[in-house]
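Below are my notes on the model, set out as numbered points. Please read them with the structure open.

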Amino acid sequence: MSGPSVSATSTSSSPREQAQPARTGVVIAYSHRERDLLGELQVHLKPLQKAWMLDLWDDLRVAGAAHELRRALAGARVTVLLISPGFLASAFITEHRLPAVLAAQQHPRAAVQCLYMRPAMDAFVEYQFADPNGLQPKSVRISSFYGLNDPMKPLAAFDRRGRAEILAAAADEIIRAAHRAPVMSVGA
């Protein structure tokens with residue numbers, strides 16, 4: 001994540017958890033084709049940007065930086081996926097297997113949220129991946145993560161006022177999730 005990090009104190013009593021760095025910030029992953037709708041969301045996320053808690057990753061930034069993405073995801077308290085056909089068809093998904101990275105999040109309070117930007121039926125498809133903690137293959141559906149809006153009524157289906165209402169509510173939820181009690185990274 002660029003910029004200064006936000007410090008957090010641990011409420012955990014486990015020495016193992018206390019030795020791990022606290023999860024901070026929000027990572028937003030999106031297709032560069034969705035910059036127009038991302039811009040509308042960013043207006044509502046100014047508090048996170050001012051606190052240096054927001055890191056944006058698009059399918060162009062990921063190229064050649066998979067290790068940086070893994071580090072950003074491992075340290076994020078909240079990961080927001082801006083779901084669109086371009087996002088789900090990009091190398092970000094197919095080559096870097098974002099569903100596998102997210103499904104491997106070991107801490108149950110590391111929030112994964114989806115904001116459905118445009119109709120994307122691939123959100124209901126099962127993505128197969130090798131479980132990093134076991135030998136059996138696993139699968140995950142993007143639609144199984146917490147939805148900030150209805151996948152059958154994506155942002156693009158609304159006029160500007162309707163989008164603003166959905167984005168304000170989504171931003172409020174993202175900000176609340178980012179400010180919940182600190183989460184310790186496990187196995188970082």
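1. Burial terms first: a residue is buried under 20% relative accessible area, exposed over 50% and partly exposed in between, with a 1.4 Å probe and protein chains only. This is a predicted model, in which local features need pLDDT of at least 70 and side-chain atom pairs count only at pLDDT 80 or more, while totals for chains, interfaces and linings use all residues. Residues are numbered from 1 along each chain as its sequence is written, and side-chain values use heavy atoms, with hydrogens and water left out.

2. Overall make-up. The chain has 9 helices and 9 strands; these are DSSP runs numbered from the N terminus, helices being H or I of at least four residues and strands E of at least two. Of the 188 residues, 45% are buried. A contact here means heavy atoms within 4.5 Å. Among contacts in the chain with a separation of 6 or more, 79% are between residues 24 or more positions apart. The exposed area of the chain is about 9,500 Å², of which carbon and sulfur atoms supply 53%; accessible areas come from the Shrake-Rupley method with a 1.4 Å probe, and for residues only the protein chains shown count as cover.

3. Nonpolar cores. In soluble globular proteins, nonpolar side chains tend to be buried together. A nonpolar core is taken as a set of buried Ala, Val, Leu, Ile, Met, Phe, Trp, Tyr and Cys residues joined through side-chain atoms within 4.5 Å. The largest one holds 26 residues, and Val26, Ile28, Leu45, Leu48, Leu82 and Leu115 have the most contacts inside it. At least two residues of this core come from each of β2 (26–30), α2, β4 (78–83), β5 (111–116) and α9. Helix α9 gives the largest share, 8 residues. Another core, of 25 residues, lies apart from it and includes Val27, Leu102, Ala123 and Phe145.

4. Ile28. Not counting residues up to four places away in sequence, Ile28 touches Leu38, Leu41, Leu45, Leu54, Asp55, Leu56, Trp57, Val80 and Leu82.

5. Helix α2. Which residues of this helix (residues 35–44) are buried? They are Leu37, Leu38, Glu40 and Leu41. These residues lie on the same side of α2, because they cover an arc of only 155 degrees around the axis, the arc being that of the directions from the helix axis to the C-beta atoms.

6. Glu40. This acidic position deserves a separate entry. Glu40 is buried at a relative accessible area of 17%. Leaving out residues up to four places away in sequence, Glu40 touches Arg160, Arg163 and Leu167. A salt bridge is counted when a side-chain nitrogen of Lys or Arg is within 4 Å of a carboxyl oxygen of Asp or Glu. Glu40 forms one with Arg163, with the closest N and O atoms 3.0 Å apart. Since Glu40 is in helix α2 and Arg163 in helix α9, the pair ties together parts 123 residues apart in sequence. Arg163 is buried, as is Glu40.

7. Other salt bridges. By this rule there are 8 salt bridges. The side chains of Glu34 and Arg118 meet in one of them, at 2.8 Å from N to O. Glu34 is in the loop between β2 and α2 and Arg118 in the loop between β5 and β6, so that this pair links distant parts of the chain, 84 residues apart. Glu34 is buried at 3% relative accessibility, whereas Arg118 is partly exposed at 26%. Arg161 and Glu165 form another, with the closest N and O atoms 3.7 Å apart. These two are separated by about one helical turn, because they are 4 residues apart in helix α9. Arg161 is exposed, at 63% relative accessibility. Glu34, Asp36 and Arg118 are joined into one network by salt bridges that share partners.

8. Glu126. Strand β6 (residues 126–130) contains Glu126, which is partly exposed with a relative accessible area of 38%. Apart from neighbours within four places in sequence, Glu126 is in contact with Ser139, Val140 and Arg141. The C-alpha atoms of Glu126 and Lys138 are 9.4 Å apart, with the two positions 12 residues apart along the chain.9. Nonpolar surface patch. Met121, Phe124 and Met152 make a nonpolar surface patch of about 320 Å². Patches consist of residues with over 30% relative accessible area and no salt bridge, with like charges joined within 9 Å and nonpolar side chains (Val, Leu, Ile, Met, Phe, Trp, Tyr) within 5 Å. Met152 is in the loop between β8 (146–147) and α9 (160–178) and is exposed, at 55% relative accessibility.
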